[in-house]
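Colleague: Could you take me closely through one part of this model, starting from a single residue and working outwards to the elements around it? I would like one connected account, with the cut-offs stated as you go.

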Amino acid sequence: MSLLYQRGRRLRRNVAALHVRKRSLVYLACLLFCLSLFISACTGDSNNTSRSAGGASATATPAPAALNSLNWCGKPSEIFRDQASSHAQAVASKTTNLGPADDKPKTITDWNTVKQNLGFTIYLPKTLPAGTCLLNVSGSLRDPIFGSNFTITYVLPDQNALSFSQAPVRVKNVTFQCNVSQSSTSTGNAKATSTPSTSGGQESIQLCNGIRDQTNIVFSARGSTATLQQFFQNLQPDVDWTPAK
């Protein structure tokens with residue numbers, strides 16, 4: 001009886017041990033299953049993040065826009081005046097539809113009339129960064145001081161201003177030069193390309209002056225002197241600046 005009792009106890013212990021091992025295997029299987037789900041979820045999130053990052057890096061930079069495709073920044077601000085000064089220095093122009101120089105200033109609403117009587121060629125960039133808008137444009141004819149002049153200002157996507165003031169050449173052999181503007185405290189950056197824009201290190205706003213053909217060009221922009229000189233050289237004659245309607 002003692003021998004049978006001992007064998008029965010060993011059998012019960014073996015059965016119990018077997019149940020414990022089975023439960024352990026079940027627990028282990030559940031643990032591995034949960035772990036595999038966790039790893040799969042993490043891998044999926046990583047892949048989604050990679051795809052999102054890849055999509056962001058693959059986003060194309062908008063192409064530069066032609067000036068005549070740009071819009072006004074707000075309400076159009078376009079003012080042209082005929083000062084009609086009898087003391088204005090004569091310029092080589094067609095004097096179309098201007099009338100006599102009677103010292104009675106008047107507003108001109110037709111840009112083509114202004115263009116034909118400026119007596120010099122306007123030089124502007126062929127394109128500007130997408131998102132640029134036209135802030136204002138003005139000009140005068142038969143002015144007692146300048147004879148004629150043209151001024152235009154754009155606001156770039158970085159909120160920096162790009163301004164041009166142009167007039168007939170009065171003093172020849174002027175070399176291109178830039179000087180840091182006193183208003184260079186506005187925010188923004190400059191990219192070392194042919195178009196002032198924002199990217200890279202901070203640059204000062206500079207006031208530059210140079211001559212192209214018979215046109216004296218003064219412009220204000222943010223950038224290094226080398227960058228702005230290249231920008232100046234890339235200006236094109238008779239660019240259509242009139243904004244999209």
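**A loop residue and the strand beside it**

Modeller: Alanine 84 is found in the loop that links strand 3 (78–82) with strand 4 (106–108), where strands are DSSP runs of E with at least two residues, helices are runs of H or I with at least four, and both are numbered from the N terminus. Please bear in mind that this is a predicted model, in which local features need pLDDT of at least 70 and side-chain atom pairs count only at pLDDT 80 or more, while totals for chains, interfaces and linings use all residues. Residues are numbered from 1 along each chain as its sequence is written, and side-chain values use heavy atoms, with hydrogens and water left out.

Alanine 84 counts as buried because its relative accessibility is 0%; the classes are buried under 20% relative accessible area, exposed over 50% and partly exposed in between, with a 1.4 Å probe and protein chains only. Once neighbours within four places in sequence are set aside, the contacts of alanine 84 (heavy atoms within 4.5 Å) are Pro100, Ala101, Asp102, Asp103, Lys104, Leu141 and Arg142. For arginine 142, the C-alpha to C-alpha distance to alanine 84 is 5.3 Å, although 58 residues separate the two in sequence.

The contact with Leu141 leads on to strand 7, since leucine 141 in that strand is the bridge partner of aspartate 82. Strand 7 spans residues 133–143 and is mostly covered, with eight of its eleven residues buried. Its pairing with strand 3 is parallel and extends over five bridges; two strands are said to pair if DSSP finds at least two bridges between them.

Strand 7 has further partners. Strand 2 (residues 71–72) also runs parallel to strand 7 and is joined to it by two bridges, and here tryptophan 72 stands opposite leucine 134 of strand 7. With strand 8 (residues 147–155), by contrast, the sense is antiparallel, and nine bridges connect strand 7 to strand 8. Aspartate 143 is placed opposite glycine 147 of strand 8, and the two strands form a hairpin with three residues between them.

Taken together, then, the picture runs from a buried alanine 84, through its contacts with Leu141 and Arg142, to a strand 7 that pairs in the parallel sense with strand 3 and in the antiparallel sense with strand 8.
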